Amino acid sequence: MKKMNMLLREKVNHMIEESLAEVMPDNAVEKALKNFHGAGGRTVLVAAGKAAWQMAAAAVRVLGHVDDGIVITKYGHVKGKIPGVDCREAGHPVPDENGFTATKMALQKVSNLHENDTVIFLLSGGGSALFENPLISGEELQDITRQLLACGADIVEMNIIRKRLSGVKGGRFALACMPAQVYAVVLSDILGDPLDMIASGPAYPDSSTCDQAKYILAKYDLKLSEKAVALLQQETPKNLTNVTTRITGSVRELCRAVERSAQKLGFEPVILTEELCCEAREAGSMMASILRTHAKEDRKLCYIAGGETVVHLVGRGKGGRNQELALAAAPGIAGMKNACVFSFGSDGTDGPTDAAGGYVDGETVELLRDKGLDVFQTLQNNDSYTALKAADGLIITGPTGTNVNDVTVALFDYEIDM
């Protein structure tokens, strides 16, 4: 029976661990707040997103204390108590009642503030689902989120819709904080770092329009109530005077971290793009094709692509975009003894699974065949998790404490002899 290339997998594990360590938000948050001085009043901390706990812990270490605070993050992402801060966990990628309740608590904490008070707002990817005060029923918001996920809408399209159905998105949270000043520290998980789109921009003027929302509604034939359709026609805040924003990290830094780790292992890294935004299966096939093209070269090659792919759900299986991407690359590198493709989300969770992503090498297809699994049929059922688990190809990191999007890597190591 076939087995995976363990020497190559060990190098991959090392690259993942080392690159993630470089993009943890601690140093970036500490740097952003090092010279922060409030206006003499109260300091309230609100942190939302998958990296919220890590960012909040770093912020409190720098500030010494806060007068009040709350963390709203994904289930399993709270790593302990933070002095003066209430830590809450909620649903992601589909929002739930725990998230709605925690967001209401955050709004209560920033209500009735004065001009000399400051809200430290720590924002990271995942905040769109986790930080939510819906203007429609929670059940309908959950249904709309599921529709957007299933139809393959990208993160920008999803946020254009969601911010118009929310009492905190699209700059509305900053309005709720007035007249207090908001000092926002943002960990970006969206290509190009658009501040009005990261977690749907709760503290940034919204650049999207009602016409764009109407177009997305028609493009994906979304099923919305009359109230939700009416909300899509209401404009969001276009000007905010009480917010200062600092971006602390992005997928660009993750790509650079992978590049440095690859160089240490003797590879010649090439960053193909920091704005990958296509179908997961297409990206997997492309990475495999690149390896095939250069397989005849006696060199240690590493191709890196950062960004976020999408998946159209047509089956009932289990997986995530990074796992589907990796599995889709497997047929293209089948039989190559010294090649692999791996893809992972920097937050440590890929879709509704416990995996961060997936790994395949030249033996994966045959290994799965020996176990009675066909790659094409598995992809048709969107069941990449099951196949990768069978092939020992799941990447498991647990919640990492950061969230700067995804990275996909294709390696060719001519020196390895299985």
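Helix H6 (residues 138-151) and helix H7 (residues 155-163) pack against each other at an angle of about 165 degrees, their axes being 10 Å apart. The two helices are therefore roughly antiparallel. The model described here is predicted. Beyond this helix pair, the briefing covers an open sheet of six strands, the helices that lie on that sheet, and the cysteines.

**The H6 and H7 pair**

- Two packed helices are described by the angle between their axes and the distance between the axes.
- An angle over 145 degrees counts as roughly antiparallel, and the angle between H6 and H7 is about 165 degrees.
- The crossing in which H6 passes H7 is right-handed.
- On the H6 side, the residues that meet H7 are Ile-144, Thr-145, Leu-148 and Leu-149.
- Their counterparts in H7 are Met-158, Ile-161 and Arg-162.

**The sheet**

- Strands of a sheet pair through backbone hydrogen bonds, either parallel or antiparallel.
- In this open sheet, the six strands follow the order E3-E2-E1-E4-E5-E6, and the pairing is parallel.
- Strand E3 (86-90) and strand E6 (243-249) form the edges, each pairing on one side only.
- On average, neighbouring strands of this sheet are turned by 15 degrees against each other, direction ignored.
- Strand E4 (residues 118-124) and strand E5 (residues 181-187) run parallel and are joined by seven bridges.
- Within this pairing, Leu-122 has Val-185 in E5 as its bridge partner.

**Helices on the sheet**

- Helix H4 (residues 97-110) packs on the sheet, where it touches strand E1 (43-48), strand E2 (68-74), E3 and E4.
- The direction of H4 makes about 160 degrees with that of E2.
- Helix H2 (residues 26-33) lies across E4, E5 and E6.
- Relative to E5, helix H2 runs at about 155 degrees.
- Strand E4 is among the strands listed for H4, and it is also among those listed for H2.

**Cysteines**

- A search of the whole structure finds zero disulfides.
- A disulfide requires two cysteine sulfur atoms within 2.5 Å.
- For Cys-210, the closest cysteine sulfur belongs to Cys-151 and lies 20 Å away, which is too far for a bond.
- Cys-210 is buried, its relative accessible area being 13%.
- For Cys-255, the closest cysteine sulfur is that of Cys-302, at 10 Å, and this too is too far for a bond.
- Cys-255 is likewise buried, with a relative accessible area of 0%.

Notes
Residues are numbered from 1 along each chain as its sequence is written. This is a predicted model: local features need pLDDT of at least 70, side-chain atom pairs count only at pLDDT 80 or more; totals for chains, interfaces and linings use all residues. Side-chain values use heavy atoms; hydrogens and water are left out. Buried means under 20% relative accessible area, exposed over 50%, partly exposed in between (1.4 Å probe, protein chains only). Two strands pair if DSSP finds at least two bridges between them. Helices (H or I, at least four residues) and strands (E, at least two) are DSSP runs, numbered from the N terminus. Axes are lines fitted to C-alpha atoms, for helices over the stretch in contact, and angles run from 0 to 180 degrees between N-to-C directions. Contact means heavy atoms within 4.5 Å. Angles under 35 degrees count as roughly parallel, over 145 as roughly antiparallel, 65 to 115 as roughly perpendicular and the rest as oblique. A crossing is left-handed if the near helix is turned anticlockwise from the far one by less than a right angle, and right-handed if clockwise.
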